[in-house]
Amino acid sequence: MLRVSLFASRSAPRVWGRQLATVASVNAASKEGSLISKIEAKRSEALLGGGQKRIDTQHSKGKLTARERIELLLDNSSFREYDAFVEHQCTDFGMEKQKITGDGVVTGHGTINGRLVYLFSQDFTAFGGSLSKMHAQKICKVMDQALMVGAPVIGLNDSGGARIQEGVDSLGGYADIFLKNVLSSGVIPQISLVMGPCAGGAVYSPALTDFTFMVKDSSYLFVTGPEVVKQVTNEVVTQEELGGAKAHTTKSGVAHLAFDNDIEALARLRDFFDFLPLSNRAEVPVRPTHDPSTRADPVLNTIVPADSTKAYDIKDVVTRIVDDAEFFEIMPDYAKNIVIGFARLGGQTVSIIANQPLVSSGVLDINSSVKAARWVRFCDAFNIPLVTFVDVPGFLPGTTQEHGGIIRNGAKLLYAYAEATVPKLTVITRKAYGGAYDVMSSKHLRGDANYAWPTGEIAVMGAKGAVEIIFRHVKDKSAAEAEYVEKFANPLPAAQRGFVDDIILPSETRKILIKDLQILKSKKKENPWKKHGNIPL
């Protein structure tokens, strides 16, 4: 008995210890299970944004939700979300009782056709997508991550503006985002797709990004809305007239493209993304093509009319030369006298800049100069070769242009081409007159390969204008005009001076350009050291 009791007294603490451990384990498991349930409940709240009722309202307007947009834009199952549990910290005006998990914006990273991208998508169902301090902090975090790893940022904008209840915190949040936009400029591509309202301070982030796309009839960009405009100026204007997609793609030039609906916008954005390098240190994308690099197109030999006063569509020239006739035009409805966009040659992304003879004879004016200048600078920043097709009669004359600043604005395009260090290929298809000849990626601005077609006319001005000055005292000017045409209105004088490298058959243009691009892949050119240049803004 003594042995049994002694044994029992010794083993009792062990049994009791095991029981305590079991109880503690059960309690911990129970506590952990409760915490996991709470986390999952919060995650479910975040997925619903502002709730089903507001989601239904969003759908009734023909708009997708923030998460639906991400799902369509990114590759399947590639989205990794950041900060899903973030909530605002405002305690004024009863805001502590109004919290929505996620705080009106969904952020993270994913892939588009297998390539990394960071993004944020504002959720109009949560506080109208208004920007709070925490909302801005989420956006800034993904921008910092993108800058650190070298990947593009896409913003899907759908916001009512600053969250008024947060006062200066909201304004500070905008400024934080603007700073990130500026620091990222020229380092990683930044794209804004405006899919709803974007007013007040909110408009300046899209304005600072490289590209701004809009959705027709549902997206708006304006500094002050129609009500304020009416109060200040007595002008009655609708949202669409003031800052809709049509206004910004045809009149202001603020937006680069507009799409019919959310689905089309996101699908086209995926296509557009494929042309972009991931950063200024990344290689320009190359996509395999079955279009032979040696393909000749005899139609090009007769595409330029013999009569220099007759127009033709420069887009026909472009699509016949580039891979698979695929040309992604940017700003097609603004400053139509110049054409810009992406294409591929030998599979490599290239930038196209071309005067458009169908519109104002392809003349350069204020809007076309600014449009092309910004495009050239973007492509130079991201190492995308410039391919320029020239048919330009000069700069547009008149008091409207002179008083509007054609000198300063035309100089922007001149500056952009001269500053660019990427491969620069130029083809003069017909007219290259006056100062516009110099501006359009001439040999004098460090053009790497400059060609002219036999139809090229490189001169100070057209024959008729020149003869009126040179032979102003001669009555019969027909013979003088013929003499001028023979001497100057052809590419030979420029070729004899080395200002064009060769006069080529139009049908051979594709083959020659692709070969030059292959040679120029190893091009290295740097500008003199400077903090930055002073472009005539």
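Let me start with a bit of vocabulary: when we compare the directions of two helices, angles under 35 degrees count as roughly parallel, over 145 as roughly antiparallel, 65 to 115 as roughly perpendicular, and the rest as oblique. Please also keep in mind that what we have here is a predicted model.

Now to a pair of helices where that vocabulary helps. The axes of α16 and α17 come within 9 Å and cross at roughly 120°. α16 and α17 are therefore oblique to each other. As for the hand, the α16 and α17 crossing is right-handed. If you want to find the contact on your screen, look for Ala-463, Lys-464, Ala-466, Val-467 and Ile-470 on the α16 side, and Ala-480, Glu-481, Tyr-484 and Val-485 on the α17 side.

Let's stay with α16, which spans residues 463-470. Which of its residues are buried? They are Ala-463, Ala-466 and Val-467. Looking down the axis of α16, you would see these buried residues fall within an arc of 100°, so they line one face of the helix. There is a familiar reason for such patterns: an α-helix has 3.6 residues a turn, so residues three or four places apart point the same way. And the cover over the buried residues of α16 includes α17, residues 478-487.

Next, the open sheet. How many strands form it? There are 7, in the order β1-β2-β3-β4-β5-β7-β9, and their pairing is mixed. At the edges sit β1, residues 80-82, and β9, residues 257-259, each of them pairing on one side only. From one strand to the next, the twist averages 20°.

Within that sheet, have a look at β2, residues 105-112, and β3, residues 115-122: they run antiparallel and are joined by 8 bridges. To get your bearings there, find Gly-110, which stands opposite Val-117 in β3. Two helices go with this part of the sheet. Helix α4, residues 133-149, packs on the sheet and touches β1, β2, β3, β4 and β5, with its direction making about 170° with that of β3. Helix α3, residues 66-73, lies across β1, β2, β3 and β4, and runs at about 165° to β3.

While we are around here, one loop residue is worth a stop. Phe-85 lies in the loop between β1 and β2. Is Phe-85 buried or partly exposed? At 40% relative accessibility, Phe-85 counts as partly exposed. Leaving aside residues up to four places away in sequence, Phe-85 touches Ile-39, Lys-42, Arg-43, Thr-101 and Gly-102. Phe-85 and Ile-100 are 15 residues apart in sequence, and their C-alpha atoms are 9.2 Å apart in space.

Let's move along the chain to β13, residues 386-392. In β13, 7 of the 7 residues are buried, so this strand is largely enclosed by the rest of the structure. Leu-386, Thr-388, Val-390 and Val-392 point one way, while Val-387, Phe-389 and Asp-391 point the other way, and all are buried. That fits the general rule that in a regular strand the side chains alternate between the two faces of the sheet. β13 runs parallel to β12, with 4 bridges joining them, and Ser-351 stands opposite Leu-386 in β13.

β12 and β13 also help to cover the buried residues of helix α19, as do α11, β11, β14 and β15. In α19, residues 509-519, the buried ones are Thr-509, Arg-510, Leu-513, Ile-514, Asp-516 and Leu-517. They cover an arc of only 160° around the axis, which puts them on the same side of α19. On the face turned away from that buried side, you will find the exposed residues Lys-515, Gln-518 and Ile-519.

I'll finish with two serines. Most residues other than glycine have a negative phi. Ser-361, however, has a positive phi of about 60°, and Ser-441 has a positive phi of about 55°. Where are they? Ser-361 is in the loop between β12 and α12, and Ser-441 is in the loop between α15 and β15. Their surroundings can be read from accessibility: Ser-361, at 40% relative accessibility, counts as partly exposed, whereas Ser-441, at 1%, counts as buried.

Methods: Residues numbered from 1 in each chain as written. Predicted model: local features only at pLDDT ≥ 70, side-chain atom pairs only at ≥ 80, totals over all residues. Heavy atoms only, no water. Pairing = 2+ DSSP bridges. Axes fitted to C-alpha atoms, helices over the stretch in contact; angles between N-to-C directions. Contact = heavy atoms within 4.5 Å. Buried < 20%, exposed > 50% of the residue type's maximum accessible area, 1.4 Å probe, protein only. Arc of directions from axis to C-beta. Left-handed = near helix turned anticlockwise from the far one by under 90°.
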